[in-house]
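Me: I am new to this structure and should like to understand how its description is justified. May I put some questions to you, step by step?

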Amino acid sequence: MTTATAPPVLVEHVTRRFGAVTALDDVSLRVDAGEIVGLLGPNGAGKTTLLSLVTGLRTPDAGTVRVFGGDPRDPASRTSLGTTPQETGLPDTLKVREVVDFVAGHYADPMPRGEVLARFGLTDMAERQTGALSGGQKRRLAVALSLVGRPRLVLLDEPTTGLDVEARHVLWQALRDYHADGATVIVTSHYLEEIEALAERVVVVGEGRVLADDSLARVLDLVAVRRVSLTLASGGGGDLAGLPGLQDVTDGTAVPGGTRVTLVASDADVLVRALVERSVPFADLEVRGASLEEAFLSLTSHVEDAGTEPAEPSARTTQPAPEVTR
Ligand SMILES: Nc1ncnc2c1ncn2[C@@H]1O[C@H](COP(=O)(O)OP(=O)(O)OP(=O)(O)O)[C@@H](O)[C@H]1O
């Protein structure tokens, strides 16, 4: 039975194996109503498996999965769920409007066809056979179909893989608008840009475990790595060893006036102050922050290198995510 107050998604201590492969290893995740969550992780991390448990396509070997408090295998639990898997097929000879109408026929109160098409920039395609759509238009239609039943929970597995920039932006805007209407959305992606564009909360998955679960900003903060590039004056000395928070120094490149190096450090301000105090002769200082990809790689390698236990499922509220080597 689903309940009005139950969270859209509640995954508790779930393990799922495929033969010798443990795709998910004691994973827990709670997603509350109205959240928009990005599942980020490399190939084989377990993202698709996690979604397949939430959609009821698969069952866990251990642990429980609940959708709005109900068993996702129960069709009643899935009436409020819309999903687009990584790969979808559309009937080539049906027109776009016919496909939308076909899906709408399964719901008591579907979104009007005109609204579905408008949200995804497909209004002009209504009379076209789906076989004649471009790859980007097909993908937009596939995602649009997941919203026809006005689901309260939307699960999308790599929604914009293979799309060009424009198609990606149309799709992101449609998802942001639908989320703004009150829906709960979970998106998996390899595209860091996609997670940054869509997610307010990021769950980093690696090797079947939750490595971090926090706000987008906090995941970036977790590995507040800064890259400080500067040109060291030729023959000017400048001892870089032992600078505070220094993690790495790239090989120098000869440039006019000296050698260009990039210092990787946890705190750029402290590092630059130390450079000045040591009278290191530098020029053309440039500081930049870490990308989500860098944050993710750092999290993964930290867990691997240090043998650190992954974050507890409720890390974002009860326990700090794994500390990162700085
Ligand atoms: N049906 C299956 N049979 C055997 N192994 C599987 C099956 N499905 C998934 N796996 C394995 O489980 C692990 C997790 O796969 P999963 O597809 O969930 O990862 P993912 O994070 O979604 O990866 P991707 O980003 O490439 O889609 C992988 O090692 C994968 O090979």
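Reply: Certainly. In this predicted model, buried residues make up 40% of the 326 residues in the protein. The protein has 10 helices and 14 strands. Of the contacts between residues at least 6 apart in sequence, 68% join residues at least 24 apart.

Me: What makes Gly149 a buried residue?

Reply: A residue is called buried if 20 or more other C-beta atoms lie within 10 Å of its own. Gly149 has 20 C-beta neighbours inside 10 Å, so it counts as buried. Gly149 is found in the loop between H4 and E6. Leaving aside residues up to four places away in sequence, Gly149 touches Gly82, His106, Tyr107 and Pro110. Gly149 and Asp109 are 40 residues apart in sequence, yet their C-alpha atoms are 6.9 Å apart in space.

Me: Why is Ser279 called exposed?

Reply: The term exposed applies to a residue with 12 or fewer other C-beta atoms within 10 Å. Ser279 has 10 C-beta neighbours inside 10 Å and therefore counts as exposed. Ser279 is placed in the loop between helix H8 (268-277) and strand E14 (282-288).

Me: Is Glu158 buried or exposed, and how do you know?

Reply: Glu158 has 20 other C-beta atoms within 10 Å, so it is buried. This residue lies in the loop between E6 and H5.

Me: What makes the phi angles of Glu158 and Ser279 worth a remark?

Reply: Most residues other than glycine have a negative phi. Glu158 is not a glycine, but has a positive phi of about 50°. Ser279 is not a glycine either, and has a positive phi of about 60°.

Me: How do you know that the length of helix H4 agrees with its number of residues?

Reply: The expected span is 1.5 Å times one less than the number of residues. Helix H4 (residues 135-147) has 13 residues and should therefore span 18 Å; its end C-alpha atoms are 19 Å apart, which agrees.

Me: Why is H4 described as mostly covered?

Reply: The description rests on a count: 11 of the 13 residues of H4 are buried. Among them are Gln137, Lys138, Arg139, Arg140 and Leu141. The buried residues of H4 pack against strand E5 (81-84), helix H2 (96-104), helix H3 (113-119), strand E6 (153-157) and helix H5 (165-180). H4 also lies across E5 and E6, and runs at about 170° to E5.

Me: What makes E5 and E9 edge strands of their sheet?

Reply: This open sheet has 6 strands in the order E5-E6-E7-E3-E8-E9, with mixed pairing. E5 and strand E9 (209-215) each have a single partner strand, so one side of each is left without a neighbour in the sheet. Neighbouring strands of this sheet are turned by 15° against each other on average, direction ignored.

Me: How do you know that E3 and E7 are paired?

Reply: Two strands pair if at least two bridges are found between them. Strand E3 (residues 36-40) and strand E7 (residues 184-189) are joined by 5 bridges and run parallel. Leu40 stands opposite Ser189 in E7.

Me: What makes E1 and E2 a pair of strands?

Reply: Again, the requirement is at least two bridges. Strand E1 (residues 9-18) and E2 have 7 bridges and pair in the antiparallel sense. Val11 has Leu29 as its bridge partner in E2, and Arg16 stands opposite Leu24 in E2. The two strands form a hairpin with 2 residues between them, and Gly19 in the turn has a positive phi of about 60°.

Me: Which strands stand at the edges of the sheet that holds E1 and E2?

Reply: That open sheet has 3 strands in the order E2-E1-E4, and its pairing is antiparallel. E2 and strand E4 (62-67) are the edge strands, for each pairs on one side only. The twist averages 25° from one strand to the next.

Me: What makes up the shell around the ligand?

Reply: The residues around the ligand include Phe18, Val21, Ala23, Asn43, Lys47 and Thr48. Strand E2 (21-31) and helix H1 (47-54) are the elements that give two or more residues to this shell. H1 gives the most, with 3 residues. By residue class, the shell divides into 4 nonpolar, 6 polar and 1 charged.

Terms used
Residues are numbered from 1 along each chain as its sequence is written. This is a predicted model: local features need pLDDT of at least 70, side-chain atom pairs count only at pLDDT 80 or more; totals for chains, interfaces and linings use all residues. Helices (H or I, at least four residues) and strands (E, at least two) are DSSP runs, numbered from the N terminus. Two residues are in contact if their C-beta atoms, placed from the backbone, lie within 7 Å. A residue is near a molecule or strand if its C-beta atom, placed from the backbone, lies within 6 Å of it. Ala, Val, Leu, Ile, Met, Phe, Trp, Tyr, Cys and Pro count as nonpolar, Asp, Glu, Lys and Arg as charged, and the others, Gly among them, as polar. Axes are lines fitted to C-alpha atoms, for helices over the stretch in contact, and angles run from 0 to 180 degrees between N-to-C directions.
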